[in-house]
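Student: I am new to this structure and would like a close look at one part of it. Please start from a single residue and work outward.

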Amino acid sequence: MLIEFSVENWRSIKSRQTFSFLKTSGDELLSSNCYKHPAHKDYLLKVASLHGPNAGGKSNLLGALGVVEAMVLLSANKQRGDEVPVEPFALDADSSNQPTEFELIFISDGVKYQYGFSASKQRILEEWLFAYPKKLPQKWLARHWNPEANSYVYQSCPSLKARAEQKNLWQNTTRQDALFLSTAVQLNCLQLQGVFDWFNKTLRTHTVGRWTNDATAKMCKDDEQNNSVLDFLKAADLGIHGLKVDSERFSSEHIPDDMPADLKLKILENFKDKEVYDVKTLHITSDGRTLAFDLNEESDGTQKMFSLASHWLLALKHGYVVVVDELNDNLHPKLVRFLVQLFQNNRTNPNGAQLLFSTHDTSLLDQTIMRRDQIWFCEKDDVQATQLKQLKQYKVIKGRENIEAYYHAGYYAAVPVVGDLKINP
């Protein structure tokens, strides 16, 4: 589970901004919206929503999680010399020359970890990892770049159990543009495997435009899982009564004939051995016949719900952390509410899966659905830097205040200030 995430000097984020899944005071919706992890003394929230105007920084905050995920999983395999994918706050001369910093606190396999790093485009400047297998923290990793010596300084970390020659190998093999965590795990550091696995398996970040049908289509090849996907779509009232999925290996037949030969060869190489899925949705006609449609003939919202099905079902089953930008895109507000409440139902979410999402659907600003500490706002200050605020920071009357109406009225800010448009005749 994710406990806390902080980011500093990243795109529109200038000063350190911290998001938290920690439950604050108040016991409203405690049994449905909160989860008590055995490895953590406090309740954690299952869902959090992020609201604000366009260009307020919501996508940048969620995208920062995606950057950390990608760096942990891929930095050890990068081409030497590639830039570190950080983008400092550009509207301030000092910030543009300062490092970007990320830090997460999370639970993996029953152990709490605090992991973070700071970086410039050229190199990782600092990297640290603390583990809490018991009450007291153990330092497993601490390194920083020494510009005078033009090398890294690694602090002594006896809690990272390994022979001296192994540690030296991991340190010497870690490139300046790669994370030690990624490199050491690649070189068979089993103690760090649980940390790496949390990023590889538990954290699931999704940005706009990344949804594809393949994961759900692959799931539908199994009869039992096909039924689970179908139940998901039926519960969303999409009028689908069955699914039929066929697949075949990608071949030249899937490429247009008029495509240039060199591009065709490149595509064939990139998609070698990839499965291509043909998804049919089955509907019942008024006279009782079954009629099949190609999935791409369905509405954009239906296609998105099909794509989401596998991610939601797997997250709820295994306790994943799902991060979604613009969850409401192409979806009716009731479908968004349906997706959120699957995470806030103890029957459908018995393992503490978490959902963090941005949205412009203000109908979720409802105290019968969300606690006050589950609602966050993003807006920019006078220097165009993103500020993250929790609804709990405002004086909100528990259970009585109409949050949606107050939000539209500007009580919590984080709404666009629309001006007049002058059109010359």
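What is the relative accessible area of E326, and how does that class the residue?

Tutor: The model is a predicted one, in which local features need pLDDT of at least 70 and side-chain atom pairs count only at pLDDT 80 or more, while totals for chains, interfaces and linings use all residues. Residues are numbered from 1 along each chain as its sequence is written, and side-chain values use heavy atoms, with hydrogens and water left out.

E326 has a relative accessible area of 26%, so E326 is partly exposed. The classes are buried (under 20% relative accessible area), exposed (over 50%) and partly exposed (in between), with a 1.4 Å probe and protein chains only. E326 sits in the loop between β15 and α11. Such elements are DSSP runs numbered from the N terminus: helices (H or I) have at least four residues and strands (E) at least two. The phi of E326 is positive, about 55 degrees, although E326 is not a glycine. D237 is also not a glycine and has a positive phi, of about 60 degrees. D237 lies in the loop between α8 and β12 (242-249), and counts as exposed because its relative accessibility is 68%.

The loop of E326 leads to α11. Helix α11 spans residues 333-343, and its buried residues are L335, V336, F338, L339, V340, L342 and F343. These buried residues pack against β5 (47-51), α8 (223-235), α10 (300-318), β15 (321-324) and β16. Contact here means heavy atoms within 4.5 Å.

β16 (354-358) is followed along the chain by a loop that runs to β17 (375-380) and holds T362. T362 counts as buried because its relative accessibility is 12%. Leaving out residues up to four places away in sequence, T362 touches E404, Y407 and H408. Its side chain makes polar contacts with the side chains of E404, at 2.8 Å, and of H408, at 3.0 Å. A polar contact is a pair of N or O atoms within 3.5 Å; within protein, one must be able to donate a hydrogen and the other to accept it, and residues adjacent in sequence count only if both atoms are side-chain atoms. From T362 to Q374 there are 12 residues in sequence and 13 Å in space, C-alpha to C-alpha.

Next come the cysteines. C378 is buried because its relative accessibility is 0%, and C34 is buried too, with a relative accessible area of 4%. The whole structure has zero disulfides, a disulfide being a pair of cysteine sulfur atoms within 2.5 Å.

Last is the largest pocket, with a volume of about 290 Å³. On a 1 Å grid over the protein atoms alone, a pocket is an open set of points where a 1.4 Å probe fits, with protein on both sides within 12 Å along at least five of seven lines, and lining residues have an atom within 4 Å of a point. Points are joined across faces, edges and corners, and the volume is the space filled by probe spheres set on them. The lining has 15 residues, with I107, S108, D109, T202 and H318 nearest the centre of the pocket. β6 (100-108) and α6 (193-202) are the elements that give two or more residues to this lining, and α6 gives the most, five.
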